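Biologist: Could you zoom in on the unusual backbone spots in the loops for me, and on what sits around them?

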Amino acid sequence: MPGGGKRIFVGAKTPTEAGQNLARNTVLLKIKSLPALPGQAIALKAFDVDDATDESADAGGVIDSNGRLGDDNFADYLATPKTGVFVASGLASHTATLDANGEALVEFRVGMQPGNNYRIAVTPFPTASNLNVLQVNNPAGPMHVTADAQQPPEFNGDISPLLTVWRKLHIEVDSMAAPPTSGPNANYVTGVADAVRTDRPQSSQSVVFTRQLPTSDRNQYQNGRIEIAGTSYPVLSSATPLPHEFPYHSFVVQGTIPGNVVHQPFKLYDDDGRLAAELGLPSLPMDGFSGQIVNGKALALTPGETVPGIKSAFSPAFILVVDANQMGINPRRTIPFSANRDLFDVLLEGVFDDAKDIGDSESFWAHTVTMGYQPAEHEDLDPHAEAPLVGVTAETPGTWHAHGFSVIYTETIRDTAYEGGIPASYQPANHFDLEQRYYRLLFGTIAHETGHAPGRNWENTDHNEQGLMQKGGNSITIPFTPQTLLRFRLSTSWRNGQP
Ligand SMILES: [Zn+2]
């Protein structure tokens, strides 16, 4: 856990509380004297100690620009002073009196930005102490208050453990329903075999010819299958007729199709879902997969290895990703299935936010991730020559206000993870690799898209941050760069306070 010390999770606990804008940014400090000093006056002072970001993970001081100096907490929407304040005094300093047991409870208010950190010094010598000599701006000098549990030997009092602000980011996972097995949205096309040639173009292969099919891209059905007369054959390549040419679609399949299937109907599938069942990949609807998305997935084919969930990517920004589905605050979880729904359906809020239940605010950070299937046909990776679109985050062009949801194209992610999937890499000996690549890309894409929401940037500005924000989706094993972590830490909400 970055930061160490103690954590305070500021912000509302539920969306209902969020409506009242409950900041919940107060801690109760417990001061105890040993031996007990009943009735003793004490003095307290709060310090904004050095940012706890590991310097080795922040080359050039992108996040922590003043090195080991303090006074580097970030401003929040409540205008909380950098040092935090004692509730009773409204200041960074406070005096109190110990009770009959020699104890006192004092309320202290912190800022709302994740990673802001504090320590509180206390002394029973309010008038004769060196409390006011404690400092955070000279690490080499005496009386320096560090961002850990150390006590400066010269101080005649005691300094609290480190206290660091964390935010919860509530992820709502919605999903398309399962693909239907019949009807207009079923993920196959039908036709009739007009002719069949066996042992063409080589032995143990066959070519099927048909006139009646929708126009398709060349090799759209490569690695798919054709079902005819009760048998399924792998499709090796496919071709569609050009105008004024031989007017037949043709499919080269592995196997010898008997000649008596001529004039019989067939069902033709592209490579969607290839090996998904064999590898136990989750299928739509995937709202029940939210726990693994957040926390990670133990690999079935690589015992002992887990692909980390999206939580791992956000914790260096002092953000704890929370599964809102498991909190029971996401009652509507599914939208209808469509094989292809394009970018504009996302940007114009067509269907993907139809089951969105949880809003984002300054006091309650939340984001909705909707698991879809494929984008527009020209970028769904059928055929493999296309450039795939694996996810989109809805934002208003120009102002780049995020709309509070991202779309994840799960089938195109599966296809991309298997990209270059020439038949040799589909062999069982390589399945462990395909499984790992799928989950890394799936979780990486969800973290990447979720990472687009805050900051009000054009997507390419976010992409220029590199790391996990690099264009085109990424592996969850690649971390967010300091530039991205800083953007998260400066945001007032996951959509930057937009209604
Ligand atoms: Zn992107």
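Modeller: Sure, burial first: a residue is buried if 20 or more other C-beta atoms (placed from the backbone) lie within 10 Å of its own, exposed if 12 or fewer, and partly exposed in between. This is a predicted model, where local features need pLDDT of at least 70, side-chain atom pairs count only at pLDDT 80 or more, and totals for chains, interfaces and linings use all residues. Residues are numbered from 1 along each chain as its sequence is written.

Now, Phe318 isn't a glycine, yet its phi is positive, about 65°. Phe318 sits in the loop between α3 (311-314) and β19 (319-323) (DSSP runs numbered from the N terminus: helices are H or I, at least four residues; strands are E, at least two). Phe318 has 25 other C-beta atoms within 10 Å, so it is buried.

Asn21 is another non-glycine with positive phi, about 55°, and you'll find Asn21 in the loop between α1 (15-19) and β2. Asn21 counts as partly exposed because it has 13 C-beta neighbours inside 10 Å.

Follow the chain into β2 and you reach an open, antiparallel sheet of three strands, ordered β2-β6-β4. β2 (26-32) and β4 (85-86) are its edges, each with a single partner strand, so one side of each has no neighbour in the sheet. Seven bridges pair β2 with β6 (residues 103-109), where at least two make a pair; Thr26, for instance, is bridged to Arg109 in β6.

Then come the cis bonds. Leu34 to Pro35 is cis, omega near -10°, with Pro35 in the loop between β2 and β3 (41-47). Leu284 and Pro285 are also joined by a cis peptide bond, omega about -5°; Pro285 lies in the loop between β16 (265-269) and α2 (290-295).
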